[in-house]
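Student: Could you go through this structure with me, one piece at a time? I would like to ask questions as we go.

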Amino acid sequence: MPSEQNVTPGQAPIGFRRNLMRPEDSERTDRVTYIELFFDLIFVFALTQLSNHLYENQSVLGAAESAVLVLALWWVWVYTTWVTNWLDPARLLVRGVVIGLALVGLVMSTSIYEAFGDRGLAFALAYVALQLGRTVFMVLAAARHDAELYRELAQVLVWLSIASVFWIAGALLPLAYRLPVWAAALVVEYLSANRGFRIPGMTSGRLGDGRLSGAHIAERSALFVIIALGESFLVTGFAFVDQEASVAGVIGVITAFVTAVAMWWLYFDHGERAGSRAIENADMPGKLARVAYTYVHTLIIAGIVLASVADKEILAHPDAGMKLSTAITIIGGPVLYLVGLLLFRWVVARELLRFHIVGVAVMLALFAVAFTLTPLVLGVVVTLALVGVASAETIVRVRRGTDDAEAG
């Protein structure tokens with residue numbers, strides 16, 4: 001962890017004099033704090049709005065718009081998680097900033113549903129305010145206490161500023177240009193992060209190496225998975241109570257619940273602990289965390305969101321004729337989720353989960369018969385396949401003698 005000894009006298013004339021970094025070798029080093037959980041509450045609403053947007057726009061264009069929104073939403077959350085990994089939320093100033101970020105996040109969340117409509121500028125301004133405001137605060141926090149981190153964050157700020165131009169421009173230009181311009185903004189942000197935020201003529205560090213708490217990053221990401229699963233219950237619950245009671249509705253709710261349980265089981269029985277251990281033991285923890293939690297987890301969250309849209313579609317039209325968009329939604333959510341878990345486990349442990357591969361193959365094969373089934377029947381079959389993967393992986397773990405404390 002950084003300390004004030006990292007700074008050469010007179011090197012950083014700006015910044016906070018008080019050290020806001022998390023303390024070394026303290027109970028606060030790895031702890032996920034309540035203020036971080038408070039910030040996460042905003043994303044329950046955000047994910048609900050995202051699900052509603054995708055449900056109402058089940059087309060190629062709607063899918064592309066939703067992909068941009070989920071990538072942006074995830075990027076905001078990831079950046080804030082890294083900041084609270086470095087900073088000490090017990091400090092009043094840090095708490096105040098996180099609360100301020102939550103307020104701006106609420107504005108962004110209320111704009112998601114109409115982000116590609118009348119609220120595009122509100123969404124873009126809130127997004128840019130979150131990205132730049134948080135990074136400026138982090139630059140000021142590191143300036144006098146960690147010279148290397150200060151330089152690296154200054155480079156992050158440069159790239160986010162470039163991307164911000166695209167976000168604002170996309171909101172101001174005619175609607176037809178919004179999707180490609182915002183997609184370009186995300187390319188700038190994701191690609192710059194992948195390249196270590198390098199700037200020509202400047203040295204590039206390894207952002208986060210030596211400063212990351214693997215336990216904190218892993219727990220925060222796991223809690224976001226819980227939030228996403230909780231959002232799926234909200235979407236399903238509201239859809240169920242808005243219709244008359246029926247056998248198909250009850251089966252649909254039970255199917256949605258079992259799907260969520262299987263997703264929870266697959267993540268927390270196998271992979272959650274592996275990530276924390278891998279980061280703690282890695283030579284380049286920053287790079288590993290970026291790949292495992294910044295990029296790969298995008299697929300996991302997207303899979304949960306898509307599955308919640310499928311649950312709503314099944315409840316609304318359980319016996320309707322199968323449409324291509326419906327089949328893609330019902331099958332695509334669990335497939336994305338399993339692929340995300342496969343990649344995550346490979347990145348952190350170089351382990352290939354063969355039953356996950358089988359599960360993906362089975363679900364993709366269901367496309368051959370999907371149009372002979374109703375949405376409800378297809379949903380039940382996909383859920384059973386997901387339960388089969390979870391059961392098979394757990395049986396293997398138990399037979400190997402891995403106890404609950406060592407799972408994952």
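**Overall layout**

Tutor: From the N terminus on, the elements run α-α-α-α-α-α-α-α-α-α-α-α, where helices (H or I, at least four residues) and strands (E, at least two) are DSSP runs, numbered from the N terminus. Please keep in mind that this is a predicted model, in which local features need pLDDT of at least 70 and side-chain atom pairs count only at pLDDT 80 or more, while totals for chains, interfaces and linings use all residues. Residues are numbered from 1 along each chain as its sequence is written, and side-chain values use heavy atoms, with hydrogens and water left out.

Student: How many helices and strands does the protein come to?

Tutor: The secondary structure comes to twelve helices and zero strands.

Student: And what percentage of the residues is buried?

Tutor: Of the 408 residues in the protein, 53% are buried; buried means under 20% relative accessible area, exposed means over 50%, and partly exposed is in between, with a 1.4 Å probe and protein chains only.

Student: What share of the contacts comes from residues 24 or more positions apart?

Tutor: Among contacts with a separation of 6 or more, residues 24 or more positions apart account for 81%, and contact here means heavy atoms within 4.5 Å.

Student: OK, now helix α2. Does its span agree with its number of residues, or disagree, and why?

Tutor: Helix α2 covers residues 60-86, and its 27 residues at 1.5 Å a residue should span 39 Å, which agrees with its end C-alpha atoms being 39 Å apart. The expected span is 1.5 Å times one less than the number of residues.

Student: Is α2 mostly covered or mostly uncovered?

Tutor: α2 is mostly covered, with 21 of its 27 residues buried. One residue to look at is S66, which lies in α2 and counts as buried because its relative accessibility is 6%. Leaving out residues up to four places away in sequence, S66 touches L50, H53 and L54. S66 and Y55 are eleven residues apart in sequence, and their C-alpha atoms are 9.8 Å apart in space.

Student: What about L73, where is that, and what does it touch?

Tutor: L73 is also placed in helix α2, and it counts as buried because its relative accessibility is 3%. Not counting residues up to four places away in sequence, L73 touches F43, A46, L47, L50, M108 and I112. With M108, the C-alpha to C-alpha distance is 9.0 Å, although L73 and M108 are 35 residues apart in sequence.

Student: M108 is in α3, right, so how do α3 and α4 pack?

Tutor: M108 is one of the α3 residues that meet α4. Helix α3 (residues 92-111) and helix α4 (residues 120-142) pack at an angle of about 165 degrees, with their axes 8 Å apart. Axes are lines fitted to C-alpha atoms, for helices over the stretch in contact, and angles run from 0 to 180 degrees between N-to-C directions. The two helices are therefore roughly antiparallel to each other; angles under 35 degrees count as roughly parallel, over 145 as roughly antiparallel, 65 to 115 as roughly perpendicular and the rest as oblique.

Student: Which residues meet there?

Tutor: On the α3 side they include L93, V97, L101 and V104, and on the α4 side they include F123, Y127, L130 and F137. The residues of this contact of α3 with α4 divide into 14 nonpolar, two polar and one charged. In that grouping, Ala, Val, Leu, Ile, Met, Phe, Trp, Tyr, Cys and Pro count as nonpolar, Asp, Glu, Lys and Arg as charged, and the others, Gly among them, as polar.

Student: How does α4 pack with α5?

Tutor: α4 and helix α5 (residues 147-172) pack at an angle of about 170 degrees, with their axes 9 Å apart. That makes α4 roughly antiparallel to α5, and the residues of their contact divide into 23 nonpolar, five polar and no charged.

Student: Back to α3 for a second: is S109 buried or exposed?

Tutor: S109, which has its place in helix α3, counts as buried because its relative accessibility is 1%. Leaving aside neighbours within four places in sequence, S109 is in contact with I42, F45, A46 and Q49.

Student: Last one, where is R350 found, and does it count as buried or exposed?

Tutor: R350 is found in the loop between α10 (324-349) and α11 (354-365), and at 54% relative accessibility it counts as exposed. Phi of R350 is near 50 degrees, a positive value in a residue other than glycine.
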